[in-house]
Structures are given as structure tokens and as C-alpha cells.
Amino acid sequence: MIYLQLFLSYLKIGFFGFGGGYAMLSLIQHEVVTERGWITASQFSDIIAISQMTPGPIAINSATYIGYTVAGFWGSVVATTAVSLPAMTLMILITRFYIQLRSNRYVASAMSAMRPVVIGMIGAAALLLIFPHENSDPNFIDAWSWVLFVATLCASARKVNPILLIVLSAVAGIAIYA
Amino acid sequence: MRELLTMFGSFFKIGLFTFGGGYAMVPIIQCEVIDHRGWVDRDEFVELLTLAQSAPGPIALNTSVFVGYKMRGYAGALAALLGVVVPAFTVILLVAIYFAQFRENVYVNAAFKGMRPAVVALIVSPIVSLSKGMGVWKYVVAAAVALLVWWSGVSPIWLIIVAAVVGVAIELYNSRKHVAR
């Protein structure tokens with residue numbers, strides 16, 4: 001039954017994952033942390049950190065990792081397949097009808113109305129990671145956490161490579177906490 | 001068959017060498033699909049990117065399905081999709097299997113304590129670039145969505161559906177008004 005739950009959760013994530021990677025985080029977070037309780041908020045951040053350092057889209061990485069954590073090898077296969085299915089079918093449909101779709105005013109208007117929601121979802125993912133609900137262990141543990149947060153934010157605004165920033169923050173973490 | 005293997009190989013390369021996902025993959029896809037293989041031309045690629053961004057799902061996945069399908073139909077779409085997914089799947093599976101052994105290590109633990117706030121910062125930073133040029137109204141909606149999802153735990157899926165319906169309704173209203181005039 002866990003396979004069915006994983007399949008349905010990741011199918012939903014794939015189907016409603018408008019706005020790509022970061023916006024999908026909010027959906028993934030809602031399904032696996034808030035709704036199902038499969039992992040905690042800090043485990044979720046760890047998976048994002050690992051996803052950033054490994055190749056491939058974050059949605060695929062998280063599906064594989066969480067699927068494995070929850071139900072072993074076949075769990076990872078089920079979750080990865082489920083998250084890829086909507087992209088596969090919808091993109092084929094879009095490719096077939098794309099000239100009509102592109103010029104359709106209703107599609108354009110729906111897309112433009114969805115944009116602020118997608119941006120808000122990224123904001124919600126960040127808020128939940130900074131201020132998790134009480135049953136999860138926190139990502140921000142002391143003043144150093146905030147220093148690292150602000151430093152990474154500034155560097156990222158100056159287009160410093162995100163992988164480099166993750167590596168630097170890991171080194172800082174070892175210097176501070178080990 | 002040979003062409004399918006080439007396609008799988010190209011997208012495997014794209015999947016294997018792109019770290020950080022999404023937008024980081026765009027230049028690599030562009031180099032392989034346009035410059036190296038000539039599967040699509042540049043104008044088509046720009047249109048494709050817009051579509052890949054507006055369709056649900058990871059951009060790299062959407063792009064691979066589009067190129068694969070355009071070249072070789074369903075088989076092409078599947079070959080390209082597998083090409084992107086297989087390296088990501090394999091690497092993460094290995095990490096998931098062996099990570100537990102290192103998880104309790106003092107240094108690994110400390111490194112993750114440092115990485116967590118940095119990860120949150122990386123999630124916050126695209127909000128600024130994405131919301132450039134939006135009207136005041138849209139900022140209010142974005143902020144309301146963020147607070148609502150965070151505070152109430154409502155599923156973001158409902159908000160996406162509502163936004164799509166509102167978008168269509170606005171356009172219906174506008175075209176009625178246009179006809180009435």
C-alpha cells in the first residue's frame with residue numbers, strides 16, 4: 001500500500017508542478033512532510049542540499065531519495081516513475097497542439113494568473129523551512145544559522161554558483177559545529 | 001534504433017553533467033540539441049523553453065520529451081526522458097543507500113548544520129528575480145499565497161487551480177466587454 005501512496009503523491013507533484021524545481025518544492029514539502037509525515041523539515045533540507053550537489057532535476061532527485069527512504073529500492077522506482085509520467089504525457093500533448101495553445105488567450109491568461117501563485121509557493125517552501133510547524137526539527141538552530149543564511153543570500157544575488165555556496169556552507173558548518 | 005540510442009546518449013550526458021537542476025541545464029541542453037546535433041533550430045528552442053516552463057514538471061524533463069517526441073514520436077520521447085532520468089536516479093540511489101552510514105559522523109552532521117540555512121537562502125533568492133516587473137496586485141497575491149500555505153497548511157494544488165480559473169474568467173470577462181462595445 002505504501003507503493004500506491006508514493007505513486008499517488010508523486011503523480012500529484014508531477015501534475016501540478018508548475019514553475020519547475022523550486023516551486024515544486026512546496027508541493028513535495030506539503031505531500032511528504034506536512035501531509036504524510038514521511039520525513040522531517042530538516043531531513044527535507046538535507047535532501048535539497050544533496051540534490052543541489054548531484055546531477056539532475058531536483059524533483060527527480062527528491063522522488064528517488066524519498067522513495068528509497070520510505071520503501072526501499074522499489075519505492076524509489078515507483079516515486080521516480082510517478083513524478084515523470086505527467087511531464088511525459090502533458091508535454092507530448094503540448095507538442096502536438098502547441099501552435100494552437102500558444103496563441104490561445106485563455107491559456108495565456110491562466111498562465112499569467114498562476115505566476116504570482118507559483119512565486120508565493122516558493123515563498124511558502126522557504127517559510128516552512130525557516131519556521132517549521134512544531135512537530136519537525138528546525139533548520140535554524142542558532143545565530144550562526146542566520147549568518148550563513150544572509151551570507152548565502154547576498155552571494156547568490158551576485159550570481160555566485162549555487163554548488164560552490166553549498167560546499168562553502170558545509171565547510172563553515174564543520175568549522176563552527178565540529 | 002541507432003537514432004534512439006544517440007538520443008538517449010545525448011540526454012544522458014545532459015542529465016549527468018547538470019548540477020542544480022532547472023535553469024542550470026538550459027545552456028547545456030542548448031549546446032547539445034542545437035549546436036551539436038542540430039535537432040531543433042534556435043527560434044524553435046526559445047519557444048520550446050517558454051512552453052517547458054509553463055507546463056508542469058521539471059524543465060529539463062519537459063525539454064527532453066519535446067525534442068524526443070518531435071524527432072522520433074513516442075519512442076523518441078521515452079528515450080530522451082530516460083536519458084535525463086537514469087543518471088539522476090542512479091546517483092541519488094547510491095547516495096540514499098550509503099548516506100545512512102555517514103549520517104551520524106560528527107563532521108558530516110556539522111556540515112549539514114551549515115548547509116541547511118544556505119539551502120533556504122538558495123530557495124529564497126529566485127523569488128526576487130522571478131517577481132521582477134510584476135504589478136502591485138501580483139505581489140499581494142504572491143505574499144498571501146506564501147502566508148496561507150505556510151500558516152494553514154492548505155495544499156498549494158488548490159491555489160494553482162483557483163488561479164487558473166481566475167485567469168480564464170478574467171479573459172472571458174474582457175472578451176465579453178469587447179464584444180459588447
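In this predicted model, the largest nonpolar core takes in 103 residues, and the members that touch the most others are Val65(B) and Ile123(B). Helix 4 of chain B, residues 59-103, is the biggest giver to this core, putting in 19 residues. Ile123(B) also reaches over to the other chain: setting aside neighbours within four places in sequence, its contacts are Tyr22(A), Leu25(A), Ile122(A), Ala125(A) and Ala126(A).

That brings us to how the two chains meet. On the chain A side, 92 residues are in contact with chain B, which answers with 79 residues of its own. Plenty of helices of chain A pitch in, each with at least two residues: helix 1 (2-15), helix 2 (20-35), helix 3 (41-53), helix 4 (58-96), helix 6 (105-130), helix 7 (143-157) and helix 8 (162-177). Helix 6 of chain A has the largest share of the side that touches chain B, at 23 residues. Sorted by class, the residues on this side of chain A come out as 59 nonpolar, 29 polar and just 4 charged.

Within chain A, the domain assignment draws domain 1 at 2-134 and domain 2 at 140-178. Taken over C-alpha atoms, the centres of domain 1 and domain 2 of chain A are 25 Å apart. Contact between these domains involves 4 residues of domain 1 of chain A and 4 residues of domain 2 of chain A. On the domain 1 side, helix 3 of chain A gives the most, with 3 residues. The class split for that side of domain 1 of chain A is 3 nonpolar, 1 polar and no charged residues.

Back in chain B, helix 1 (residues 2-17) makes a handy check on helix geometry. With 16 residues at 1.5 Å a residue, helix 1 of chain B should span 22 Å, and its end C-alpha atoms sit 23 Å apart, so the two values agree. Which residues of helix 1 of chain B are buried? They are Met7(B), Phe8(B), Ser10(B), Phe11(B), Ile14(B) and Gly15(B). Because these residues cover an arc of only 165° around the axis, they fall on the same side of helix 1 of chain B. As a rule, an α-helix has 3.6 residues a turn, so residues three or four places apart point the same way. The other side of helix 1 of chain B is where Arg2(B), Leu5(B) and Phe17(B) are exposed.

Key. Residues numbered from 1 in each chain as written. Chains lettered and ligands numbered in written order. Predicted model: local features only at pLDDT ≥ 70, side-chain atom pairs only at ≥ 80, totals over all residues. Contact = placed C-beta atoms within 7 Å. Helix = DSSP H or I, 4+ residues; strand = E, 2+ residues; numbered from the N terminus. Nonpolar A, V, L, I, M, F, W, Y, C, P; charged D, E, K, R; others polar. Domains from an automatic or database assignment. Expected span 1.5 Å × (residues − 1). Buried ≥ 20, exposed ≤ 12 C-beta atoms within 10 Å, placed from the backbone. Arc of directions from axis to C-beta. Core = buried A, V, L, I, M, F, W, Y, C linked by C-beta atoms within 7 Å.
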